[in-house]
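This briefing goes through selected features of the structure shown below, grouped by topic.

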2 protein chains.
Amino acid sequence: MADTAPSETSLDLTLDGAALTAALVDIPSVSGTEKPLADAIERALRALPHLTVDRHGNNVVARTNLGRAERVVLAGHIDTVPIADNVPSRLDEDGVLWGCGTSDMKSGVAVQLRIAATVPAPNRDLTFVFYDNEEVAAHLNGLGKIAEAHPDWLTGDFAVLLEPSYGQVEGGCQGTLRVKLRTTGERAHSARSWMGSNAIHAAAPILARLAAYEPRKPVIDGLEYHEGLNAVGIEGGVATNVIPDECVVTVNYRYAPDRSPEQAVAHVREVFADCGVAEFVIDDESGGALPGLSHPAAAAFMKAVGGSAQPKFGWTDVARFSALGVPAVNYGPGDPLYAHKRDEHVHVERIHHCEERLRDWLSE
Amino acid sequence: MADTAPSETSLDLTLDGAALTAALVDIPSVSGTEKPLADAIERALRALPHLTVDRHGNNVVARTNLGRAERVVLAGHIDTVPIADNVPSRLDEDGVLWGCGTSDMKSGVAVQLRIAATVPAPNRDLTFVFYDNEEVAAHLNGLGKIAEAHPDWLTGDFAVLLEPSYGQVEGGCQGTLRVKLRTTGERAHSARSWMGSNAIHAAAPILARLAAYEPRKPVIDGLEYHEGLNAVGIEGGVATNVIPDECVVTVNYRYAPDRSPEQAVAHVREVFADCGVAEFVIDDESGGALPGLSHPAAAAFMKAVGGSAQPKFGWTDVARFSALGVPAVNYGPGDPLYAHKRDEHVHVERIHHCEERLRDWLSE
């Protein structure tokens, strides 16, 4: 029963964006444990009479229904990577707020909530989407769950994801592919190693290939992307006196959106073609999204918020909106360089700046 | 209470060596869980009036006290590596007994018990040593525990370890050294991998060096040894979207007895000197033992049992007796090539052969 009962934490949407970000960080919501935060967000939104609110699992969607000519989606995930001794949040004297999720992306969620609370009659109808499990395997992603169960909740002419972009508009995003490369051997007592065959030694060409890999930096729609091919895990060994018969290297390929998921798989297969891989298993994959900045809705938004667009390196759910036919960009206050780091932080000034630009655009 | 209460399993020492081996295999005794088997051995030995029996932990020592001019130690460990779907034992129609520990070394333990039961008035005083935790870290070894607590229990003129040697006398043994090689990097989101530094990629030169390593095969006292340098474990990775900041390769060096433990460490340091190792930690070490076949007691034994001596590749407690000043050899019925393997087995004929040769030597 305790698991399904709503928790009692409440959020005060009259706080300014920075204080609200701090309040969100102080409700821990590592992927898979978002319920208390989703409950608090749902309760705060239900108190706003101009919004209708729906919920699916730990995903919350709120909408205005003003019959405007255009509908804009403001979306953000409410989960974080594991806490690294950086909760509760801490505001320093230089106006920097530190803590897990400050950048990625509770400052963006705070901006969504502030717009929801303070723009009751926007010039475009608004849909606010708060979702879970973005920092883990793609099949768990809350936005994907909503798209499956209630695709109508996500319809719109244009979407803004408040992922960390340091107040820059970011077009498109890179794709991500995770593959497990398995090498095999034959067990033997390590005192008579020549009777067996060492699967960890067999992984040497894979690591050498990774260490020597030169990533592409293609330019698409005027934006320069930056790929990466990295081992994110390695595991092998049976016992300390046994020649191991298996080693698994988990590789993550982040690729520019001029490549399809199929092309990405083909590329990784080719990179390791002559490295003695016994088994190649696709563990997780999500395609990228082309910038799409030439779309009229994207162009209007660009003009309103100013600045020039940048490429997005990290995979974001821009790609998911893209697949649903909703043009989307990233635009949020966090600094992506500090996402997932122990010293994750956000500049308070960026939170206010982002909130003001969005409010101006939606009120003009 | 249950943990210290003697278990009820009993051993019948009137069974022949093969049936007794099967009975020993069918009492599982993976390292750390030897108590039921130690209890059964102690009970069986206490029933023999010509022996005095002592116990220390799960180590059992039995002795004749006939005032003979010479004392011989017959020693064996009672633990096994983890069971791999190969218990209970199975005797096939070709006279081969299959199962965990058949070779390493419950067939040797069966021979010890048969000699203890059937040679009440040997021509040399006998000490039978049954000990635990040989298959795990050196500091847990039961023979080492006895040597620390009751060194007088191990005194003797000559020792025979019934480790698997396929009925050949094996002189000396190789040393073993286990080292953890740590590489380091800097964490970053894998979408922006150039912000960090990959510790798994940094292990590439270590694996390349291991894969290319050419082991020595030195000849000592006419016996050719065969070294080996192998990864027995590798571990790295923080999360599937994080550039890892640590990777640890566990390496096992098996070296010929012309090298001291200090020389072995120096050699391994030199092998990996230019491989970017951030930390080098010695995890476990046990020096080898020179063959010592020129010792009079060893020579007399060789003459009695026949055949020519062979080098011992695996580390055995011959080295421990050597350090106590007791010349020692390996001589047992198991086949060392099948030790620690799923298809571990022993030829019944080898068990009888070994038992008969020892009985003849001790009765002549």
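In this predicted model, the buried residues of helix 1 of chain B are covered by elements that include helix 2, strand 5 (96-98), helix 3 (102-118) and helix 9 (348-363) of chain B. The points below take up helix 1 of chain B, a serine in the loop that comes after helix 1 (17-25) and before helix 2 (35-46), the cysteines, and the relation between the two chains.

**Helix 1 of chain B**

- Burial prevails in this helix, with 7 of its 9 residues buried.
- The buried residues are Gly17(B), Ala18(B), Leu20(B), Thr21(B), Ala22(B), Leu24(B) and Val25(B).
- An α-helix has 3.6 residues a turn, so residues three or four places apart point the same way.
- Asp16(B) places a side-chain oxygen within 3.0 Å of the backbone nitrogen of Ala18(B), at the start of helix 1 of chain B.

**Ser29(B)**

- Ser29(B) sits in the loop between helix 1 (17-25) and helix 2 (35-46) of chain B.
- Ser29(B) counts as buried because its relative accessibility is 1%, and the cut-off for buried is under 20%.
- A polar atom of the Ser29(B) side chain lies 2.7 Å from the backbone oxygen of Ile78(B).
- Leaving aside residues up to four places away in sequence, Ser29(B) touches Glu34(B), Leu37(B), Ile78(B), Asp79(B), Thr80(B) and Lys106(B).
- Ile78(B) thus appears both in the list of residues that Ser29(B) touches and as the owner of the backbone oxygen 2.7 Å from the serine side chain.

**Cysteines**

- Over all chains, the structure holds 0 disulfides.
- Cys173(A) is in no disulfide, and the nearest cysteine sulfur, which belongs to Cys354(A), is 18 Å away; a disulfide would need the two sulfur atoms within 2.5 Å.
- With a relative accessible area of 0%, Cys173(A) is buried.
- Cys275(A) is likewise in no disulfide, the nearest cysteine sulfur being that of Cys247(A), 13 Å away.
- Cys275(A) has a relative accessibility of 1% and therefore counts as buried.

**Relation between chains A and B**

- Two copies of a chain are related by a rotation about an axis and a shift along it.
- Here chain A is superposed on chain B by a rotation of 180° with 0.0 Å of shift along the axis, at an RMSD of 0.0 Å.
- This is the relation of a two-fold axis.
- Glu235(A) is the residue of chain A that comes closest to the rotation axis, with its C-alpha at 2.5 Å.
- The copies meet through the same surface, because 100% of the interface residues of chain A are also interface residues in chain B.

Note on methods: Residues numbered from 1 in each chain as written. Chains lettered and ligands numbered in written order. Predicted model: local features only at pLDDT ≥ 70, side-chain atom pairs only at ≥ 80, totals over all residues. Heavy atoms only, no water. Helix = DSSP H or I, 4+ residues; strand = E, 2+ residues; numbered from the N terminus. Buried < 20%, exposed > 50% of the residue type's maximum accessible area, 1.4 Å probe, protein only. Polar contact = N/O pair within 3.5 Å; in protein donor to acceptor, adjacent residues only side chain to side chain. Contact = heavy atoms within 4.5 Å. Least-squares fit on C-alpha atoms with pLDDT ≥ 70 in both.
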